[in-house]
Amino acid sequence: MTAQSAAPAPAAPLVDPFGRAISYLRVSVTDRCDFRCVYCMAEDMTFLPKRDVLSLEELDRLCSAFVTRGTRKLRLTGGEPLVRKDIMTLFRSLSRHLESGALDELTVTTNGSQLARYAAEMKALGVRRINVSLDTLDPVKFKAITRWGDLARVQAGIDAALAAGLEVKINAVALKGVNEHEVDDLIRYAHGSGMDLTLIETMPLGEIDGDRTEQYLPLSRVRADLMDRWTLDEIDYRTGGPARYVRVRETGGRLGFITPLTHNFCESCNRVRVTCTGMLYMCLGQEDSADLRAPLRQSESDALLHAAIDEAIGRKPKGHDFVIDRRHSRPAVSRHMSVTGG
Ligand code: SAM
Ligand code: SF4
């Protein structure tokens, strides 16, 4: 047998040791951001040197390698993906996989600050749906949460996305004493414009300036409270992710709950994450990772890259072990959400 034929067939779909097909890749295209959300970053963040960050060409190679191995859905995230210089070049090059049918979906999670500029172009390149993070509709609270953000600009971005024909899902992190009494308004806002709303529990990722146990608001409590005023009908809708959805009878809109701390959603996990430096994380709640930048930069062929991906997927763990340590309020996982992009 030649050395070449002994190498894993590059087209073989990725399946982990627990039989889960890996069909969803989330890629952080930058660690930088134009906001400083209190639960995500410290105000004074040190960002990575540019040479450590994958170039747009390297990001395209990496994503394309996953697409040849069965990735059907690609989500670009960050940091703030839309502040990366020339990011539309990456959308454009990746859109060839949508055209060929190899990829079902190219999407993005964004804070919305640059949407007014890019929404129409993304739509033209084949993006159908996007997630926009928005925790409050109160401009003063918005400033307090994001430190640097401007609510009016984000709302203008959302309007531009809807006008361009993009489906928009609003993601809101539930924060005790901050937006806990605003969920009704968020439901009316999102559903009033035909957008889904998903509520997310805070996750213990990375050192921040404050105390996480003070921010943590269990969604079981939010849900019980909502049921005093809304009729929440269980529905079967699944996006392949951890969100569980209900339909709000009064609005007809969908409301999702992501409860990583109180629920176990690992058994159906189909996803892995890559950071902007090419570190592959097989599980959001575990430290284990694999360096894909070295094999990317070592050779122009993708053989080393595929071997590294195979080796890493071979150790994707069964599940996570998130816990907010109430005595020390230390993060369970030391990297920030802006590294793996959520
Ligand atoms: N900048 C983009 C944005 O804000 O949508 C993309 C990256 S951001 C890290 C992705 C999502 O993670 C956002 O919805 C944000 O609210 C959420 N997030 C950040 N830190 C979090 C934490 N500690 N717990 C839960 N969600 C978090
Ligand atoms: Fe930036 Fe998104 Fe983190 Fe907010 S949540 S600081 S917008 S990366």
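Is S299 buried, partly exposed or exposed? With a relative accessible area of 22%, S299 comes out as partly exposed. That is just one stop on a tour of a predicted model, and the legends below go view by view.

**Figure 1. The whole protein, before zooming in.** The fold has twelve helices and twelve strands. Of the 342 residues in the protein, 54% are buried. If you take the contacts between residues at least 6 apart in sequence, 73% of them join residues at least 24 apart. The accessible surface adds up to about 14,900 Å², and carbon and sulfur atoms own 52% of that.

**Figure 2. Helix α2 packed against helix α11.** Two packed helices are described by the angle between their axes and the distance between the axes. Here the partners are α2, residues 56-68, and α11, residues 303-313, and they meet at an angle of about 65° with their axes 11 Å apart. The crossing is right-handed. On the α2 side, the contact uses R61, L62, A65, F66 and T68, while α11 brings L305, H306 and I309. Sort those residues by class and you get five nonpolar, two polar and one charged.

**Figure 3. S299, in the loop leading to α11.** S299 sits in the loop between α10 (293-298) and α11. Skip the neighbours within four places in sequence, and S299 is in contact with R61 and L304. R61 should look familiar from the previous view, being one of the α2 residues in the contact with α11. As for solvent, S299 has 22% relative accessible area, which puts it in the partly exposed class.

**Figure 4. The F35 and F142 ring pair.** The structure holds two aromatic pairs, and this view shows the one formed by F35 and F142. The geometry is edge-to-face, with 6.0 Å from centre to centre and 90° between the planes. F35 belongs to the loop between β1 (24-28) and α2, and F142 to helix α5 (residues 139-146), so the pair ties together parts that are 107 residues apart in sequence. Both F35 and F142 are buried.

**Figure 5. The Y237 and Y245 ring pair.** Now for the tyrosines: the ring centres of Y237 and Y245 lie 4.9 Å apart and the planes are at 75°, so this pair is edge-to-face. How do the two rings' residues fare for solvent? Y237 has 23% relative accessibility and counts as partly exposed. Y245 is buried, with a relative accessible area of 3%.

**Figure 6. Two backbone spots with positive phi.** D86 has a positive phi of about 60°, although it is not a glycine. You'll find D86 in the loop between β2 (73-77) and α3 (87-100). At 46% relative accessibility, D86 counts as partly exposed. R147 is another non-glycine residue with a positive phi of about 60°. For R147, look in the loop between α5 and α6 (151-163).

**Figure 7. T110 and its surroundings.** T110 is part of strand β3, residues 105-110. Its relative accessible area is 1%, so T110 is buried. The residues T110 touches, not counting those up to four places away in sequence, are E80, L82, L115, N131, V132 and S133. For a distance to check, the C-alpha atoms of T110 and G78 are 8.0 Å apart, with their positions 32 residues apart along the chain.

**Figure 8. V29, in the loop between β1 and α2.** V29 lies in the loop between β1 and α2. At 0% relative accessibility, V29 counts as buried. Leaving out residues up to four places away in sequence, V29 touches V53, L59, L76, T77, G78, P81, R84, I87, L90 and C276. Take L90 from that list: V29 and L90 are 61 residues apart along the chain, and their C-alpha atoms are separated by 9.6 Å.

**Figure 9. F47, also in the loop between β1 and α2.** The loop between β1 and α2 is where F47 is placed. With neighbours within four places in sequence left aside, F47 is in contact with D31, R32, C33, R36 and M41. C33 and F47 are 14 residues apart in sequence, and C-alpha to C-alpha they are 9.5 Å apart.

Terms used. Residues numbered from 1 in each chain as written. Chains lettered and ligands numbered in written order. Predicted model: local features only at pLDDT ≥ 70, side-chain atom pairs only at ≥ 80, totals over all residues. Heavy atoms only, no water. Helix = DSSP H or I, 4+ residues; strand = E, 2+ residues; numbered from the N terminus. Buried < 20%, exposed > 50% of the residue type's maximum accessible area, 1.4 Å probe, protein only. Contact = heavy atoms within 4.5 Å. Areas by Shrake-Rupley, 256 points an atom, 1.4 Å probe, with all protein chains shown as cover. Axes fitted to C-alpha atoms, helices over the stretch in contact; angles between N-to-C directions. Left-handed = near helix turned anticlockwise from the far one by under 90°. Nonpolar A, V, L, I, M, F, W, Y, C, P; charged D, E, K, R; others polar. Phe/Tyr/Trp six-rings, centres within 6.5 Å; stacked < 30°, edge-to-face > 60°.
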